[in-house]
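Here is a friendly note to read with the structure open beside you. Take the points one by one and find each place on the model as you go.

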Amino acid sequence: MEFSHVPVLLLEAIEGLNVEESGVYIDGTAGGGGHSEAILKKLKSGKLISIDQDPDAIAFLREKLAKYENSTVVQENFLNMDKVARELSINEVDGVLMDLGVSSHQFDTKERGFSYRYDAPLDMRMSQKGVSAYDLVNELPWQELAGIIKNYGEEKFAKGIALAIERQRQSAPIETTQQLVDVIKSAIPARFKREKGHPAKRTFQALRIAVNREIDVLQQGLDSAFSILRPGGRLVVITFHSLENRIVKKKMVSWSQGCTCPSEFPICVCNKKPRAKLINKRAIEPSRQEAEENPRSKSAKLRVCEKI
């Protein structure tokens with residue numbers, strides 16, 4: 001099976017993990033295995049658990065990483081990585097990597113229905129099971145759809161798009177990505193269609209996030225990852241849109257904060273101590289060369305924290 005995926009911020013991610021030869025690591029979103037293999041090449045007596053929920057990715061990873069004796073591949077959602085570790089008799093790990101978003105393979109396999117560039121059945125399920133984009137588009141009240149498109153896609157024409165979807169599905173279900181693209185285009189004023197980026201990009205992003213519960217999963221996944229880090233262990237997270245980036249930044253900052261008592265208090269009464277330190281206070285972004293060679297990396301941001 002072909003599973004094309006160029007790992008983003010590869011050198012920066014491996015440097016952020018500070019990989020030790022005997023350490024135990026988790027790649028929570030292994031995808032095409034680029035980050036996983038780079039970690040494995042630095043290990044001697046250490047171990048790596050590569051996790052992904054996509055069965056296509058798992059089949060590819062098991063073949064790609066089979067030559068590494070210290071590699072374990074597990075099909076699971078990364079929010080359950082603490083459970084996966086316990087089932088493997090691992091109580092704590094030296095580092096966790098989370099490369100969020102959709103893989104190139106998922107985008108480029110048109111029948112998966114992630115991309116507005118191909119005409120395919122509406123799907124967008126990373127795990128290939130459960131509620132699909134078709135279900136949301138054709139069954140949710142327009143008000144709920146508008147909320148999803150506005151909140152997850154940051155689309156200013158969310159209401160108009162949702163109402164256009166409502167009108168279209170009254171005559172026939174919206175079954176394909178191209179049908180949805182046409183509906184979206186019909187709801188956006190002509191002068192805004194000429195803006196940078198495809199007019200359907202934000203709506204497709206919003207539906208994908210909703211289908212895969214990406215925001216809830218990310219919140220839980222960050223807590224799961226931090227809970228199994230040993231003191232001195234590092235969490236490295238790569239995000240691809242502003243919603244993810246804000247969540248990761250807020251979570252890492254909250255772990256790194258100490259006393260939260262008002263400044264007028266003479267002594268601390270909250271007894272809150274920092275649980276982590278930020279390795280990079282500003283997000284690391286791809287170099288100009290990487291952005292040119294891999295345009296999908298342009299929006300990537302990498303953040304690292306270390307458990308105290």
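1. Let's start with Val269 in this predicted model. Is Val269 buried or exposed? Its relative accessibility is 53%, and exposed means over 50%, so Val269 counts as exposed. To find Val269, look in the loop that lies between α13 (242-256) and β6 (276-278).

2. Val269 also belongs to a patch on the surface. Together with Phe265 and Ile267, Val269 makes a nonpolar patch of about 300 Å².

3. Now turn to the sheet. In which order do its strands lie? The sheet is open and has seven strands, running β3-β2-β1-β4-β5-β7-β6, with mixed pairing. The edge positions belong to β3 (71-75) and β6; each has a single partner strand, so one side of each has no neighbour in the sheet. On average, neighbouring strands are turned by 15° against each other, ignoring direction.

4. A good pair to trace by eye is β4 (residues 93-99) and β5 (residues 229-239). These two strands run parallel and are joined by six bridges. For one bridge, start at Asp99: its partner in β5 is Ile238.

5. Finally, look at two helices that pack on the sheet. Helix α3 (residues 55-64) touches β2 (47-52) and β3, and the direction of α3 makes about 165° with that of β3. Helix α13 touches β5, β6 and β7 (301-307), and its direction makes about 20° with that of β7. You have met α13 already, at one end of the loop that holds Val269.

Technical notes:
Residues are numbered from 1 along each chain as its sequence is written. This is a predicted model: local features need pLDDT of at least 70, side-chain atom pairs count only at pLDDT 80 or more; totals for chains, interfaces and linings use all residues. Side-chain values use heavy atoms; hydrogens and water are left out. Patches are made of residues with over 30% relative accessible area and no salt bridge: like charges are joined within 9 Å, nonpolar side chains (Val, Leu, Ile, Met, Phe, Trp, Tyr) within 5 Å. Accessible areas come from the Shrake-Rupley method with a 1.4 Å probe; for residues, only the protein chains shown count as cover. A salt bridge is a side-chain nitrogen of Lys or Arg within 4 Å of a carboxyl oxygen of Asp or Glu. Helices (H or I, at least four residues) and strands (E, at least two) are DSSP runs, numbered from the N terminus. Buried means under 20% relative accessible area, exposed over 50%, partly exposed in between (1.4 Å probe, protein chains only). Two strands pair if DSSP finds at least two bridges between them. Axes are lines fitted to C-alpha atoms, for helices over the stretch in contact, and angles run from 0 to 180 degrees between N-to-C directions. Contact means heavy atoms within 4.5 Å.
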